[in-house]
Amino acid sequence: MSSALKRYLFILFCVIVAALIAFPTELKLPYNLFNRSGEVTFKRPVVDLEIFGTRYTRDFTLKQGLDIQGGTQIVLRADMSNIPAEDRETALESTRQVILRRVDLYGVNEPVVQSSTIRQANGQIGEFRITVELAGVSDPTEALELIGTTAQLDFRLQGIASPEATVSAIAFLQSFEPTELSGADLKRSSVQFDQQTGTPVVSLEFNPEGTKKFADITKDNVNGVLGIFLDGYPLMLPRINVPIIDGRAIITGEFGLEEAKNLSIQLNAGALPVPIEVIEQRSIGASLGQESIRNSVRAGVIGIGLVMTFMVLLYGWKGVFADIALLVYAILTIAIYKLFSITLTLPGIAGMLLSVGMAVDANILIFERMKEELRNGKPFELAMKLGFGRAWDSIKDANLATIFTSLVLINPLNLPFLNTSGLVRGFGVTLLIGVLISLFTGVIVTRTLLRLFLKEHSLTK
Amino acid sequence: MTAHIFKHYWLYFTTSLAVFVVGLVMIAQGGLKPSIDFSGGSVLEVKMDVSKINSSQELEERIDKIVDISSLQLTSQKTLILKSKSIANEQKDAVVADLGTEFGTVEMIRFETVGPVIGRELLLKTVFSVLIVSMVIMLYVMNQFKDLRYGVSAILAMLHDTFVLFCAFALLGVLYNVEIDALFVTAVLTTLSFSVHDTIVTFDRIREIRKKEPNITIKEASNKAVLQTLSRSLNNSLTIIIMLATLVLLGGTTLRWFAVALLVGSITGTYSSTFTAIPLLLLWDDVAKRWSKGK
């Protein structure tokens with residue numbers, strides 16, 4: 001088996017695997033034949049493997065960005081003025097967790113909640129931010145309510161547990177009954193250390209009214225569980241060991257210092273650990289994105305068709321092979337998107353289409369070189385070898401600049417002084433993937449195809 | 001071959017000069033309009049029965065009572081776009097509710113609010129990324145050619161392309177109120193890399209020819225190189241132009257101006273590698289010769 005054939009088989013294998021991944025989960029084709037119409041449905045099998053006891057399930061779908069499927073992106077600024085400097089990062093993290101839990105409970109599909117700090121020129125942290133992306137929630141009012149500034153901290157007593165409570169989480173939570181004690185009665189909470197064991201504990205201190213309520217509850221319910229709930233979700237479930245009448249309680253447990261700090265911050269604020277304020281908000285209705293993506297995909301298909309025709313008109317048979325390489329490029333691109341769950345945005349689609357235009361560049365460079373070498377009287381085999389070899393230097397040089405630019409746009413290291421906008425990143429990612437794949441298809445795939453299928457005599461152009 | 005593309009190479013500078021003059025006039029007219037990405041503010045786009053609008057002046061006065069809007073625009077997709085200083089969600093709800101009493105169903109298509117801090121940050125980030133990309137490309141080109149003349153010419157051509165892009169958008173700003181947003185900046189950065197892409201290929205060829213034929217003048221070498229690479233440059237640019245042009249003509253409305261920016265960038269990038277970078281190289285050569293003669 002020649003090396004070209006081996007390479008060809010390898011490429012064929014890659015393409016088949018990629019095509020399987022790239023194929024839509026379900027493709028419905030309506031037909032109309034001899035007055036009998038109907039629909040054929042092709043289905044792609046869902047990957048469901050068990051490798052060494054680990055189950056691996058993936059149904060490869062394209063992930064759509066907020067600008068396509070509609071949704072809301074909100075950037076919040078956390079007001080840290082009342083938090084001591086050393087606790088600020090913990091406070092930011094627990095705010096993030098509270099928000100993440102809320103949007104999770106609400107059932108938003110794959111919510112993104114990220115915290116970030118913006119440093120000033122002197123290296124000090126200037127601002128604490130949280131970015132929330134909610135796909136499918138295109139009503140900003142709904143989104144803002146979801147993130148919420150009106151959370152409730154309250155204390156609930158565990159009543160007589162029903163038998164299901166041990167097996168069902170909902171029944172377990174329902175077994176808690178509200179008390180009169182709420183976040184408003186709490187004066188402050190802090191982290192202390194147990195004098196005997198040295199482990200961190202969370203202390204609570206109630207205001208006069210709270211002290212009275214707390215004393216009543218603890219007197220009547222020794223050995224009962226007094227759960228602390230945030231937004232109806234249990235934060236801690238401490239047991240009452242002794243009646244506490246002075247309004248000072250200590251919660252011991254198996255928590256580390258960070259966890260204790262986190263709990264204490266959440267208790268202090270009652271709701272979100274720190275007050276938050278909206279500084280940027282973008283809501284896109286689903287209809288806008290859907291219209292745009294339909295048109296852009298159609299434009300892309302027409303554009304690819306035109307480029308393919310152009311290549312055949314210019315380079316004849318060689319153009320056909322370049323076109324095959326271009327199709328391989330398209331299949332590989334979609335497969336890589338699905339494989340690495342890359343989010344597709346509208347600028348990303350522009351980047352993809354742009355890289356199609358660039359993908360044939362390598363072919364054009366090579367074919368033009370080959371033409372020249374043939375004109376200089378070199379035999380076909382040698383002309384091809386020289387064409388590929390000489391063109392490679394130019395291809396490499398020319399693409400390096402694009403690769404670097406796309407890296408600056410993607411900002412993979414999350415450098416604070418470079419772009420962090422999702423749309424710009426979306427474009428950068430597709431451009432980078434496009435250039436890399438096009439190097440593979442434009443050079444290796446085309447060369448293999450030419451070597452195997454194109455003989456000198458068939459070359460008239 | 002006898003064709004002399006660069007006999008009167010300075011003529012090519014006049015084309016660029018004409019574009020620059022038009023561009024500068026447009027910039028002076030306030031053609032470069034920053035979007036809320038940079039300036040901060042709010043944009044609200046709603047879909048409603050726009051045929052019920054009697055006069056946009058009346059409508060503007062009506063909305064101004066709730067929120068002080070800076071512009072009101074009817075689009076070809078029968079939507080209404082309102083722009084204002086940064087407003088809160090409640091104020092937007094009030095506007096939508098008010099429009100509802102007059103025009104029936106009002107569907108919110110998008111609502112974007114950018115605080116002034118974010119806008120300033122983006123501006124800084126933009127300047128940084130443009131500086132970083134051009135610096136690295138500069139170092140790369142310098143290292144590639146090890147000859148100051150080639151490097152400087154390539155970089156001047158690249159700056160030329162960036163400026164052409166700004167001129168084009170200043171013109172579009174005056175004609176169609178097109179704004180400069182984060183995606184425009186992305187297009188500028190992409191143009192930077194495009195621009196050197198073609199220039200490197202042409203310059204590579206000039207050096208190759210001069211190595212093979214040491215007696216040839218730089219002008220003749222350039223002429224030969226361009227004739228040899230012309231079909232490649234044109235064909236390659238044509239495929240990119242085909243893709244971008246279909247996207248401009250048929251693609252979604254949200255992407256249109258981004259695609260236009262990329263299209264302008266790729267056209268000027270192709271033009272400049274032949275008709276700006278090489279003439280600059282020749283000009284340098286001529287000036288240097290005259291300089292040494294004068295001494």
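Q: Helices are DSSP runs of H or I with at least four residues, and strands are DSSP runs of E with at least two, both numbered from the N terminus. How many of each are in chain B?
A: Under that rule chain B holds nine helices and six strands. The model is a predicted one, in which local features need pLDDT of at least 70 and side-chain atom pairs count only at pLDDT 80 or more, while totals for chains, interfaces and linings use all residues. Residues are numbered from 1 along each chain as its sequence is written, with chains lettered from A and ligands numbered from 1 in the order in which they are written.

Q: How does the radius of gyration of chain B stand against that of a compact globule?
A: The radius is taken over C-alpha atoms, and the globule rule is 2.2 Å times the number of residues to the power 0.38. For 295 residues a compact globule would come near 19 Å, but chain B has 24 Å. Its C-alpha trace spans about 80 × 35 × 30 Å along the principal axes.

Q: What makes a residue of chain B count as touching chain A, and how many do so?
A: Two residues are in contact if their C-beta atoms, placed from the backbone, lie within 7 Å. By this test 55 residues of chain B are in contact with 56 residues of chain A. Elements that each supply at least two residues to this side of chain B include β5 (107–114), α5 (116–145) and α9 (256–294). Helix α8(B) gives the most, with 13 residues.

Q: How is the side of chain B that touches chain A divided by class?
A: Ala, Val, Leu, Ile, Met, Phe, Trp, Tyr, Cys and Pro count as nonpolar, Asp, Glu, Lys and Arg as charged, and the others, Gly among them, as polar. The division is 30 nonpolar, 18 polar and seven charged residues.

Q: Why is α12(A) called roughly parallel to α7(B)?
A: Axes are lines fitted to C-alpha atoms, for helices over the stretch in contact, and angles run from 0 to 180 degrees between N-to-C directions. Helix α12 (residues 422–453) of chain A and helix α7 (residues 182–212) of chain B pack at about 30 degrees, with their axes 9 Å apart. Angles under 35 degrees count as roughly parallel, over 145 as roughly antiparallel, 65 to 115 as roughly perpendicular and the rest as oblique. The pair α12(A) and α7(B) is therefore roughly parallel.

Q: Which residues meet where α12(A) packs on α7(B)?
A: A:Leu423, A:Val424 and A:Phe427 meet B:Ala182, B:Leu183 and B:Thr186. This contact has five nonpolar residues, one polar and no charged.

Q: Why are α10(A) and α11(A) called oblique?
A: Helix α10 (residues 346–375) and helix α11 (residues 380–410) of chain A pack at about 135 degrees, with axes 8 Å apart. That angle lies in none of the three named ranges, so the pair falls among the rest and is oblique.

Q: Is the crossing of α10(A) and α11(A) left-handed or right-handed?
A: A crossing is left-handed if the near helix is turned anticlockwise from the far one by less than a right angle, and right-handed if clockwise. The crossing of α10(A) and α11(A) is right-handed. Residues in the contact include A:Leu365 and A:Arg369 of α10(A) and A:Phe388 and A:Arg390 of α11(A). By class the contact has twelve nonpolar, two polar and three charged residues.

Q: How do you know that β16(A) pairs with β5(B)?
A: Two strands pair if DSSP finds at least two bridges between them. Strand β16 (residues 276–284) of chain A and β5(B) are joined by five bridges and run antiparallel, so the criterion is met. A:Ser283 stands opposite B:Phe111.

Q: What makes β7(A) and β3(B) edge strands?
A: The open sheet of eight strands runs β7(A)-β8(A)-β6(A)-β16(A)-β5(B)-β2(B)-β4(B)-β3(B), with antiparallel pairing. β7 (112–119) of chain A and β3 (69–74) of chain B each have a single partner strand, so one side of each lacks a neighbour in the sheet. Neighbouring strands are turned by 20 degrees against each other on average, direction ignored. Helix α5(B) packs on this sheet, touching β6 and β16 of chain A together with β5 of chain B, and its direction makes about 70 degrees with that of β16(A).
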